[in-house]
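Got the viewer open and a hand on the mouse? Let's walk through this one stop by stop.

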Amino acid sequence: VTEGDLSQVLLDLRSYEKEYGLPQVPAEVVPTGLQTSDTAGLDEWDLDSQSSSGIAGNAKKMIWYVESVLDLDANTLASINRWVTDDEATAANASWGECEDGAKSSGFLASADQLFQQAVAQGQTFFVSSGDNGFTCGAAVIPNGVPLGEPFQSYPSSSPWVASVGGTTLKTDASFGYAGESAWTDGGGGISVEEDAPEWQ
């Protein structure tokens with residue numbers, strides 16, 4: 001679920017696959033609103049698409065649901081709704097969120113939860129970031145994982161109908177081989193103040 005001009009992202013994905021001997025995953029761009037020429041999210045979309053392609057080497061297809069702006073409101077709901085309605089992609093990825101109270105007061109929380117619940121019933125899983133620093137409502141943006149007081153919970157990360165994923169810092173040896181990783185101490189999460197824990201949780 002993304003926004004902006006993805007032309008370069010598609011080219012970068014093909015270069016990545018060629019560089020690492022990966023199969024070319026068929027790709028489709030599905031507009032869910034007015035399209036823009038914005039490329040501000042290029043690095044994020046590169047990271048998401050290339051890591052998805054690298055991890056799921058036997059993926060049959062990659063679909064981008066592209067909205068006009070990531071507003072966590074009507075535009076984002078349209079993208080989520082299209083993903084659920086199409087019922088084609090079994091997994092979705094999103095690296096965004098907002099304060100729970102803001103999501104609740106705007107109605108986004110209730111509407112999105114209905115869609116996420118339908119997705120689960122259809123066998124679809126929505127993966128979302130717990131937040132670089134949780135969601136520090138109204139606070140200044142800081143580097144990923146760096147403490148800035150107690151982080152707030154982020155929505156949709158707090159929804160019981162999604163899979164929330166936290167961040168880690170990767171450690172490598174001198175040859176750039178894997179040498180471990182550590183979870184971010186302020187990467188978000190915690191007990192939701194807006195969502196009740198379901199009985200199975």
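Here is a tour that goes from the whole chain to two sheets, two helix pairs and a few odd spots in the backbone.

**The whole chain**

Before you click anything, keep in mind that this is a predicted model. Colour by secondary structure, and you have five helices and 10 strands to play with. The protein has 201 residues, and 38% of them count as buried. If you count contacts with a separation of 6 or more, 75% come from residues 24 or more positions apart.

**Stop 1: the sheet with S1, S2 and S3**

Select residues 2-3 for strand S1 and 27-31 for strand S2, then add 62-67 for strand S3. These three strands make an open sheet, with parallel pairing, in the order S1-S3-S2. S1 and S2 sit at the edges with a single partner strand each, so one side of each has no neighbour in the sheet. Now zoom in on the join between S1 and S3, where two bridges hold the parallel strands together. Show Thr2, and look across to Val66, its bridge partner in S3.

Next, bring up helix H1, residues 7-19, which packs on this sheet and touches S2 and S3. The direction of H1 makes about 160° with that of S3. Helix H2 packs on the sheet too, touching S1 and S3, and its direction also makes about 160° with that of S3.

**Stop 2: H1 against H2**

Keep H1 on screen and select 42-55 for H2. Their axes come within 9 Å and cross at roughly 40°, and the crossing is right-handed. To see who does the touching, show sticks for Gln8, Val9, Asp12, Leu13, Tyr16 and Glu17 on the H1 side. On the H2 side, pick Leu42, Trp45, Asp46, Ser49, Gln50, Ser53 and Gly54. By class, that contact is a mix: five nonpolar, five polar and three charged residues.

Stay on Gly54 for a moment. Is Gly54 buried, exposed or partly exposed? Its relative accessibility is 32%, so Gly54 counts as partly exposed. Leaving out residues up to four places away in sequence, Gly54 touches Tyr16 and Leu22. Try a distance label as well: the C-alpha atoms of Gly54 and Tyr20 are 8.6 Å apart, although 34 residues separate them along the chain.

**Stop 3: the sheet with S4, S6 and S8**

Now select 91-94 for strand S4 and 163-165 for strand S8, plus 125-129 for strand S6. This is another open sheet of three strands with parallel pairing, in the order S4-S6-S8. S4 and S8 are the edge strands, each pairing on one side only. On average, neighbouring strands here are turned by 20° against each other, direction ignored.

Four bridges join S4 to S6, and the two run parallel. Ala91 is a handy marker, since Thr125 in S6 stands opposite.

Turn on the side chains of S4 and follow them along the strand. Which ones are buried? Ala92 and Ala94 are, and they point to one face, while Ala91 and Asn93 point to the other face and are not buried. In general, side chains in a regular strand alternate between the two faces of the sheet.

**Stop 4: H3 against H5**

Select 74-86 for helix H3 and 108-121 for helix H5. The axes come within 9 Å and cross at roughly 15°, so the two helices are roughly parallel to each other. This crossing is left-handed.

In H3, show Thr76, Leu77, Ile80, Asn81, Trp83 and Val84. They meet Phe108, Ser111, Ala112, Leu115, Phe116, Gln118 and Ala119 of H5. By class, this contact has nine nonpolar and four polar residues, and no charged ones.

**Stop 5: backbone oddities**

Most residues other than glycine have a negative phi, and most peptide bonds are trans. With that in mind, check three places.

- Leu72, in the loop between S3 and H3, has a positive phi of about 50° without being a glycine. Its relative accessibility is 9%, so Leu72 counts as buried.
- Asp87, in the loop between H3 and S4, also has a positive phi of about 50° and is not a glycine. At 39% relative accessibility, Asp87 counts as partly exposed.
- Tyr155 and Pro156 are joined by a cis peptide bond, with omega about 20°. Look for Pro156 in the loop between strand S7, residues 154-155, and S8.

Notes: Residues numbered from 1 in each chain as written. Predicted model: local features only at pLDDT ≥ 70, side-chain atom pairs only at ≥ 80, totals over all residues. Heavy atoms only, no water. Pairing = 2+ DSSP bridges. Axes fitted to C-alpha atoms, helices over the stretch in contact; angles between N-to-C directions. Parallel < 35°, antiparallel > 145°, perpendicular 65-115°, else oblique. Left-handed = near helix turned anticlockwise from the far one by under 90°. Contact = heavy atoms within 4.5 Å. Nonpolar A, V, L, I, M, F, W, Y, C, P; charged D, E, K, R; others polar. Buried < 20%, exposed > 50% of the residue type's maximum accessible area, 1.4 Å probe, protein only.
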